Amino acid sequence: MNYRFDWAVLWTGQSGQWLLSGLITTLELSACAWLLAVVLGIVSGALRTMPFRPLRALATFYVEFFRNVPLLVWMFFWYFGVPPILPAAVQEWLFGHGLEFWAAVCALGVYSGARFSEVLRSGIQSIPRTQLEASVASGLSVAQAYRYVILPIALRLIIPPATSESLNLLKNSSVALTISVAELTFQTRQIETYTAKAIEALTAGTVIYLVLCVSLASVMAWVERRTAIPGLIVGGRRRA
Amino acid sequence: MTFDFSVIWRNLDFLLLQGFLGFGNFVGGTLRLAIPSIVLGFILGIFIGLGRLSSRVWLRVPATLYVEFFRGVPLVMVIFWIWFIIPILLKTKIPEFGVALTAFVIFEAAYLAEIVRAGVQSVPRGQVEAATAVGLSSAQTMRYVVLPQALKNMIPSLVTQFIVLFKDTSLASIIGFMDLTKAAQVVNNREIRPFELYLFIAVVYWMCTYSMSRYARSLEKRLGPA
């Protein structure tokens, strides 16, 4: 192996600036998509528990269809497939306001929303029905039971799976490079193209992703410990 | 804008034979990549998963680092790593199939290792103690007592992981591997019918993954908790 390492390519020229702007785009894309995913996850998760069959079927269709198709296909679908069937005025606006970014937000958000929906559903289902019955029996209204008993437990229960889904979303945002969103992986490739230093460029991108994922995971683990209810299995981490 | 779904009918053989199965003039095929990837990834995953459970530090630490590293990095990044680093290491180019297969095996092994670990841990401790008491060595205990039972517990998770891998193979199209997604791109470049084509391959992917996930669910019910 006669590869000449030249780590200086990462801080000379425009590389640093590219990496920083890539990081910011990755975070922006992930944040927008995350919001969309959470809203869609909550709405579809709630619809799936409704006593009205067509609404349930609609929500089930959404979840099963969108999470079972590769994200890359959704990227192409939202970027190439959807704009031509929109009204001309909307197309005009989109082309002027970063179409690829919003297509990526839709693709990532709608895809992850279907996965969040499953996380929420299994979180709520894992709370025994007797909790609700006991709350109502002790004199709370159903709304109060949800507000003070069910939701506080459910939210704590879903912290670990929701964290891992959020990290998946962050990592999946790299797929947006295929529709030329200038996010972190895209910028890593750009540095490689300009400097022909593949290993250095990829190392920089990889380290940034690792730092992002590890720090997010440890923050959420801290939140989980802080909010744990003593004595409940929700308390999560058993001390080894 | 009018829809013209006949574009799918006209290109059906290219999309399915070339893109999905991998028969044709190009090296490609979603299934031709997914099946060897899961098999080889599982074999590597067994070693790494057992490494994580080992009592020897020099096995446990590298295995843990491997799993944590690859679970913290996007697959796209791993594909690019393999794509760039193999020509540097081997001083020769290898075809896209080799690049994609290597990347998927290395990446999926990290996830499969976790499944193996959970499977092995699900075997009751008494089984190991009984096997040791009967006089089996620790390797024999693993080979004849623990792994067969663990494997049964792993099956539903393995099917689920295969679904994930199956969807992930679409990313091989980034480096030019002619899978279903790439085939749709190629057809689209000629026909300019993105909505119809991408919707069609979405449905094809969906039919495969959904039927597999139903199968996983029924397996889970039938095999039950051990």
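Biologist: Why is helix α7 of chain B said to lie largely in the open?

Modeller: A residue is buried if 20 or more other C-beta atoms lie within 10 Å of its own, exposed if 12 or fewer, and partly exposed in between, the C-beta atoms being placed from the backbone. Of the ten residues of α7(B), residues 125-134, the number that count as buried is zero, so the helix lies largely in the open. It is followed by G135(B), which has a positive phi, near 110 degrees.

Biologist: On what kind of model do these statements rest?

Modeller: This is a predicted model, in which local features need pLDDT of at least 70 and side-chain atom pairs count only at pLDDT 80 or more, while totals for chains, interfaces and linings use all residues. Residues are numbered from 1 along each chain as its sequence is written, and chains are lettered from A and ligands numbered from 1 in the order in which they are written.

Biologist: How many helices and strands does the secondary structure of chain A come to?

Modeller: Chain A has ten helices and zero strands. Helices (H or I, at least four residues) and strands (E, at least two) are DSSP runs, numbered from the N terminus. Chain B likewise has ten helices and zero strands. Of the 240 residues of chain A, 35% are buried, and for the 226 residues of chain B the share is 42%.

Biologist: What makes F116(A) buried?

Modeller: F116(A) has 28 other C-beta atoms within 10 Å, a number that meets the cut-off, and therefore it counts as buried. This residue is found in helix α5 of chain A. Leaving aside neighbours within four places in sequence, F116(A) is in contact (C-beta atoms, placed from the backbone, within 7 Å) with A37(A), V38(A), G41(A) and E165(A).

Biologist: Why is α1(A) called oblique to α5(A)?

Modeller: The axes of helix α1 (residues 15-47) and helix α5 (residues 99-125) of chain A come within 6 Å and cross at roughly 40 degrees. That angle makes α1(A) oblique to α5(A). Angles under 35 degrees count as roughly parallel, over 145 as roughly antiparallel, 65 to 115 as roughly perpendicular and the rest as oblique. The axes are lines fitted to C-alpha atoms, for helices over the stretch in contact, and angles run from 0 to 180 degrees between N-to-C directions. The crossing is right-handed: the near helix is turned clockwise from the far one by less than a right angle, whereas an anticlockwise turn would be left-handed.

Biologist: Which residues of α1(A) and α5(A) meet?

Modeller: Among them are L29(A), A33(A) and A37(A) in α1(A), which meet a group in α5(A) including A104(A), L108(A) and F116(A). By class, this contact has 15 nonpolar, seven polar and one charged residues. Ala, Val, Leu, Ile, Met, Phe, Trp, Tyr, Cys and Pro count as nonpolar, Asp, Glu, Lys and Arg as charged, and the others, Gly among them, as polar.

Biologist: What makes α8(A) roughly antiparallel to α10(A)?

Modeller: Helix α8 (residues 159-172) of chain A and α10(A) pack at an angle of about 165 degrees, with their axes 10 Å apart. This angle falls in the antiparallel range, and therefore α8(A) is roughly antiparallel to α10(A). Their crossing is right-handed. The contact includes L167(A) and L170(A) of α8(A) and L212(A) and L216(A) of α10(A). Its residues divide into eleven nonpolar, one polar and two charged.

Biologist: Which residues have the most contacts inside the largest nonpolar core?

Modeller: A nonpolar core is a set of buried Ala, Val, Leu, Ile, Met, Phe, Trp, Tyr and Cys residues joined through C-beta atoms within 7 Å. The largest one has 109 residues, and those with the most contacts inside it include W74(A), A104(A) and I201(B). Its largest share, 14 residues, comes from helix α6 (residues 96-121) of chain B. Not counting residues up to four places away in sequence, A104(A) touches L29(A), M75(A), A176(A), I179(A) and V181(A).

Biologist: How many residues does the contact take from chain A and from chain B?

Modeller: Chain A provides 31 residues and chain B provides 28. On the side of chain A that touches chain B, α10(A) gives the most, with nine residues. By class, that side has 21 nonpolar, seven polar and three charged residues.

Notes
Two residues are in contact if their C-beta atoms, placed from the backbone, lie within 7 Å.
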